[in-house]
Each structure stands twice: as structure tokens, then as C-alpha cells.
Amino acid sequence: MKLLPHEHYARDLLARLYREHRVKHHRTLFRVVSRSYTRFAGGRPQIVLGHESLQRAFEKGFEEYPSVAWVLAGRRPVGLEGVHQLCLHEFAHVLQYRQGGFRGRCAHNAVFVRHYRDLMQRHPPPPP
Ligand SMILES: [Zn+2]
């Protein structure tokens, strides 16, 4: 499967995050599904990037789930910044899981938010 430039960006960013945070993981997948998500097969994270959600973040802007929209102060970053934000969101689930704070029914809990905000500080988006 040939990746588009913004998909390359997502793949490289996630590779860097896994490396810097020393997380053993399964290969990031690109799938023709609408949503992106993170799963944990055998206890190892795997981020599945949905083609549509990446495209949407890139072209129309990344829209956060209502319960955590405040983290972005209502902003909707677009272009590579949107892709960047989507990746940080999914990677925050990776760190949340590692810490034991991942629960299926309340995925966007306080542990998630703490990791998400920390990632935003440590890994700022590319200049527009
Ligand atoms: Zn999430």
C-alpha cells in the first residue's frame, strides 16, 4: 500500500514516539476504516490509522472527542498539525495502557488526559 505524504508523516511520528518512550509494539497499520484506534494484542499496543480519519484531520482539521475537546481549547488543527494531533491522541492511549489506566468504557479518563497533555508539551506540532 502506497502511503500519501501525510500518512508518511503519521508513520514516522509514531515510530519516533515509540522509540523515545521505549514501548514495544506492533507495527502501525493503515486501514480503510473511518476511525483510528489503538488495540493491545497480547499486551502490546498497535495503532490502527483509519484512512478517512487521517484524511479528515489533514484536510478539515482534527476534531477531538467532546469529552476532551477542552484540551485543545476548542481548536481544530488542520494540515500536518491535525495529523500530528491525531497521532498524539492515539499514542496517549499507549502510555495510558502501559500505566494500567486504560479501561474500555472510559478511554478518555484522567490518566489519558495527563499523558495527552504531556505529549503535547514534549512533542509540539510542525510549523504550518
Ligand atoms: Zn481516544
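In the predicted model, three strands form an open sheet in the order E1-E3-E2, and the pairing within this sheet is mixed. Strands E1 and E2 are the edge strands, each of them pairing on one side only, and from one strand to the next the twist averages 30°. Strands of a sheet pair through backbone hydrogen bonds, in either a parallel or an antiparallel sense. For strand E2 (residues 37-41) and strand E3 (residues 44-50) the sense is antiparallel, with five bridges joining the two. One of the residues involved is alanine 41, whose bridge partner in E3 is arginine 44. The two strands form a hairpin with two residues between them, and glycine 42, which sits in the turn, has a positive phi of about 65°. Helix H3 lies across E2 and E3, and its direction makes an angle of about 30° with E2.

Helix H1 (residues 5-20) packs with H3 at an angle of about 40°, the two axes being 10 Å apart, and the crossing in which H1 passes H3 is right-handed. On the H1 side this contact is made by His6, Tyr9, Ala10, Leu13, Leu14 and Leu17, which meet Leu80, Val83, His84, Cys87 and Phe91 of H3. The length of H1 agrees with expectation, because its 16 residues should span 22 Å at 1.5 Å a residue and its end C-alpha atoms are 23 Å apart. Within H1, the buried residues are Ala10, Leu13, Leu14 and Leu17. These residues cover an arc of only 95° around the axis, and they are therefore placed on the same side of H1. The face turned away from this buried side carries the exposed residues Pro5, His8, Asp12, Arg16 and Arg19. The packing partners of the buried residues of H1 are E3, helix H2 (51-59) and H3, and the four buried residues Ala10, Leu13, Leu14 and Leu17 also appear among the H1 residues that meet H3.

A comparable analysis was made for helix H4 (residues 110-122), whose 13 residues should span 18 Å at 1.5 Å a residue; the end C-alpha atoms are 18 Å apart, so the two values agree. Val111, Phe112, His115, Tyr116 and Leu119 are the buried residues of this helix. Because they cover an arc of only 130° around the axis, these residues lie on the same side of H4. On the other side of H4, the residues Ala110 and Gln121 are exposed, while the buried residues of H4 pack against helix H3 (80-98). H3 is thus a packing partner for the buried residues of H4 and for those of H1, in addition to lying across E2 and E3.

Valine 113 also belongs to helix H4. This residue has 16 other C-beta atoms within 10 Å, and because a residue counts as buried at 20 or more such neighbours and as exposed at 12 or fewer, valine 113 is classed as partly exposed. When residues up to four places away in sequence are not counted, valine 113 touches Val68 and Val71. The C-alpha atom of valine 113 is separated by 10 Å from that of tryptophan 70, although the two residues are 43 residues apart along the chain. For arginine 22 and tryptophan 70, which are 48 residues apart along the chain, the corresponding C-alpha separation is 29 Å.

Two loop residues were examined for their backbone conformation. Most residues other than glycine have a negative phi. Arginine 22, which follows H1 and is found in the loop between H1 and strand E1 (29-31), has a phi near 50°, a positive value in a residue other than glycine. Arginine 22 counts as exposed because it has 7 C-beta neighbours inside 10 Å. Alanine 73, which lies in the loop between H2 and H3, likewise has a positive phi, near 50°, and is a residue other than glycine. With 6 other C-beta atoms within 10 Å, alanine 73 is exposed.

Note on methods: Residues numbered from 1 in each chain as written. Predicted model: local features only at pLDDT ≥ 70, side-chain atom pairs only at ≥ 80, totals over all residues. Expected span 1.5 Å × (residues − 1). Arc of directions from axis to C-beta. Contact = placed C-beta atoms within 7 Å. Pairing = 2+ DSSP bridges. Axes fitted to C-alpha atoms, helices over the stretch in contact; angles between N-to-C directions. Left-handed = near helix turned anticlockwise from the far one by under 90°.
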